[in-house]
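Student: I have a model open and want to go through its strands and its pocket. Can we start with the strands?
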Amino acid sequence: SLLRACPVSSWYGPLGIRNGVASGMRSTRRRLSSSMPGDKPKVIFVLGGPGSGKGTQCERLSEKFGLVHLSAGELLRQEMNTDSVNGKLIDEFLRRGQIVPVKISLDLLKSAMKAQPCYRYLIDGFPRNHDNLVGW
């Protein structure tokens with residue numbers, strides 16, 4: 001069934017991926033690959049201002065429904081702390097108070113989704129503007 005949950009825990013893993021174990025799920029649950037023939041992963045965007053509770057709500061939804069939580073802000077911060085070209089660009093944009101280019105944000109999200117293949121994702125803090133939405 002496509003409604004099987006992806007495994008999750010209570011910490012931010014590599015690539016800013018927030019994982020959590022869905023309560024009541026059997027320990028034998030299987031991971032659903034986003035590469036299932038003809039099926040695209042389902043994504044729910046969670047939007048709100050800083051401190052509005054996006055992360056808290058995503059944590060609750062992740063635990064209850066077995067969704068993988070990806071935090072756009074956490075992905076950007078982790079990449080910024082590397083010596084990569086994108087990390088330096090992210091740092092420059094954030095220092096100027098500007099939104100990071102959509103290509104960088106999308107590349108980070110795609111990498112995170114590939115690192116944690118699943119069928120259902122919560123993405124908080126994205127899209128930030130119309131360009132992000134169109135780029136998605």
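Student: How many bridges join strand β3 to β4, and do they run parallel or antiparallel?
Tutor: This is a predicted model. In it, four bridges join β3 (residues 68-71) to β4, and the two strands run parallel.

Student: Which residue of β4 is the bridge partner of Ser71?
Tutor: Asp124 is the partner of Ser71. Val68 of β3 stands opposite Tyr121.

Student: And what joins β2 to β4?
Tutor: Five bridges join β2 (residues 42-46) to β4, and these strands also run parallel. Ile44 stands opposite Leu122 there.

Student: Is β4 largely enclosed or open, and why?
Tutor: Five of the five residues of β4 (residues 120-124) are buried, so the strand is largely enclosed by the rest of the structure. Arg120, Leu122 and Asp124 point one way, Tyr121 and Ile123 the other.

Student: What about the faces of β3, covered or bare?
Tutor: Both are covered. Val68 and Leu70 are buried on one side, His69 and Ser71 on the other.

Student: Switching to the pocket. What volume does the largest one have?
Tutor: About 600 Å³. Its lining has 30 residues, and Ala72, Gly73, Leu76, Gly125 and Arg128 lie nearest the centre.

Student: Which element gives the most to that lining?
Tutor: α2 (72-80) does, with six residues. α1 (54-65), β3 and α4 (102-115) each supply at least two.

Student: How does the lining split by class?
Tutor: There are 14 nonpolar, 11 polar and five charged residues.

Key
Residues numbered from 1 in each chain as written. Predicted model: local features only at pLDDT ≥ 70, side-chain atom pairs only at ≥ 80, totals over all residues. Heavy atoms only, no water. Buried < 20%, exposed > 50% of the residue type's maximum accessible area, 1.4 Å probe, protein only. Pairing = 2+ DSSP bridges. 1 Å grid on protein atoms, 1.4 Å probe; cavity = no way out; pocket = protein on both sides within 12 Å on 5 of 7 lines; lining within 4 Å. Points joined across faces, edges and corners; volume = space filled by probe spheres on them. Nonpolar A, V, L, I, M, F, W, Y, C, P; charged D, E, K, R; others polar.
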